[in-house]
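Dear colleague,

I am handing over the structure that we discussed, and I would be glad if you could look through it with the notes below beside you.

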Amino acid sequence: MKTISGTNLEQAKSHNRRVVIEAIRTNGPLSRAAIARMTALTTQTVSNIVEELARSHLLIPMEAQKIARGQPIIPYTINPSGAYSIGLELGRQRAAGVLTDLSGTVCARIDRHVDRPGPTEAMPVFAAIVRDLQEAFSFDRDRLLGVGIALPGRYADGGVTSLSPLNLPGWQDFPVARELERLINLPVLVENDATAGAIGERLYGVARGLGSFVYLFLAGDGGIGAGMFLDGHLYKGSRANAGEIGHIIVEPHGRLCTCGKRGCLDRYVSPSVAYECLGIADAQELDPDDLDAMIAANSHGLETWLEQAAQPLRQTIDFLELAFDPQTIVLGGSAPTSLLTQLAARVEPLHIPVNPMEERKIPRLMVGATGKDTAILGAAALPIFSETNPQFDVLQKPIIHRAAQQAG
């Protein structure tokens, strides 16, 4: 039995609050007694938390349900208008923002034209989008949890980009979160696009309710990365750079990659290679409908890409299943849906699993549900995830700190 102990009351209260929200979010409306059974919390603790969450408008009571004996039970459900968040996305030619409610429904959206912006140009545009989104939809501003940004690249401590996203100038080591917070006076969370996409799929998509899955993110501008949930925990690695699977070598001595190695997964599976095969230049700058039409019109180019991408991706899925034992692999990202669905079909059949006789209730490979808006919806999910997801690492920090002190 897995246990977590050795924390102070305030940390436990915050964690338990998130546990209750997570139980209702993943299972639907629940009574206090059902929450207590599901979470192993005492009935009194659950009652106190539910009352607090109802006062905060995060939960709302449903109609009382009569039972055979005793008092009617009152299920509680997530209140979509109980909290809001803003997601931001940046491309070479476009900056966009969405305002979403607690259910992930998009309440307002704004797109602005940009021209390969550096941070000096992008930050004021982001700030204007945030202000305009708050004006575009009528809601209680006190319920706005914050702003999330999903950017490609690796990250250092404090949400600082350590590689320039989208090959745009000036982003190296730029403190995105700090600078935008200064302009908008709201909390800002920055995450790489693959991890943000995984969070979005777990909150609102096909991975809802799953504890362990790997999310393969095929970026519309080119690369491939992964976001991972393991045993209910978002896994980011010791330096927050877990999931750089685009640079796994799948073909020894193969094609030269931008990272300096040869035979990386990126050079066979990524959308940029698909666009090369399809003869499409500057795909990121095209209208999505026009891009879909160009893909549909070139079946030979599409077949060329699928033929070279299927086996490397099948090999990578096999590795991920053996290494992490996820419930499923989700194939998603901001790449065109037509590419994702046909690639998912082509990699079947997958390699034989470690336990082929096991009955599976979930497919080994699924296509994500959030579509082309994966990155921006994942960005909007960041403040909600931060507020509502159980944070086991917060509980464990006092234990780790004490252990370090004793070791010293």
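The notes that follow take up confidence, then two sheets, then a cavity, and then two backbone details.

This is a predicted model, in which local features need a pLDDT of at least 70 and side-chain atom pairs count only at pLDDT 80 or more, while totals for chains, interfaces and linings use all residues. Residues are numbered from 1 along each chain as its sequence is written, and side-chain values use heavy atoms, with hydrogens and water left out.

The chain averages a pLDDT of 86, and 89% of the residues score at least 70; pLDDT is the predictor's confidence in each residue, from 0 to 100. Over residues 1–8 the pLDDT is below 50, and this stretch has 11 contacts in the model beyond near neighbours in sequence, a contact being heavy atoms within 4.5 Å. Residues 392–408 also have a pLDDT below 50, with 16 contacts beyond near neighbours in sequence. Where pLDDT is low, the predicted coordinates should not be read in detail.

One open sheet of five strands has the order β5-β4-β3-β6-β9, with mixed pairing. Helices (H or I, at least four residues) and strands (E, at least two) are DSSP runs, numbered from the N terminus, and two strands pair if DSSP finds at least two bridges between them. β5 and β9 (188–192) stand at the edges, each with a single partner strand, so one side of each has no neighbour in the sheet. The twist averages 20° from one strand to the next, where axes are lines fitted to C-alpha atoms, for helices over the stretch in contact, and angles run from 0 to 180 degrees between N-to-C directions. β4 (residues 94–101) pairs with β5 in the antiparallel sense over seven bridges, and alanine 96 stands opposite aspartate 111 in β5. Helix α4 lies across β3 (84–90), β4, β5 and β6 (144–151), and runs at about 145° to β5.

Another open sheet of five strands, also with mixed pairing, has the order β12-β11-β10-β13-β14. Its edges are β12 (233–235) and β14 (365–367), each with a single partner strand, so one side of each is left without a neighbour in the sheet. Here the twist averages 25° from one strand to the next. β13 and β14 run parallel and are joined by three bridges, with leucine 331 opposite valine 367 in β14.

Those two residues, Leu331 and Val367, are also among the residues that line the largest cavity, including Glu201, Tyr215 and Thr337. β13 (328–332) and α11 (337–346) are the elements that give two or more residues to this lining. The structure holds one cavity of 30 Å³ or more, and the largest has a volume of about 50 Å³. On a 1 Å grid over the protein atoms alone, a cavity is a set of points where a 1.4 Å probe fits but cannot get out, and lining residues have an atom within 4 Å of a point; grid points are joined across faces, edges and corners, and a volume is the space filled by probe spheres set on the points.

Two backbone details remain. The peptide bond from glutamate 348 to proline 349 is cis, with omega near 0°, and proline 349 lies in the loop between α11 and β14. Arginine 116, in the loop between β5 (106–113) and α4 (119–136), has a positive phi of about 45° although it is not a glycine.

With best wishes

How values were computed: 1 Å grid on protein atoms, 1.4 Å probe; cavity = no way out; pocket = protein on both sides within 12 Å on 5 of 7 lines; lining within 4 Å.
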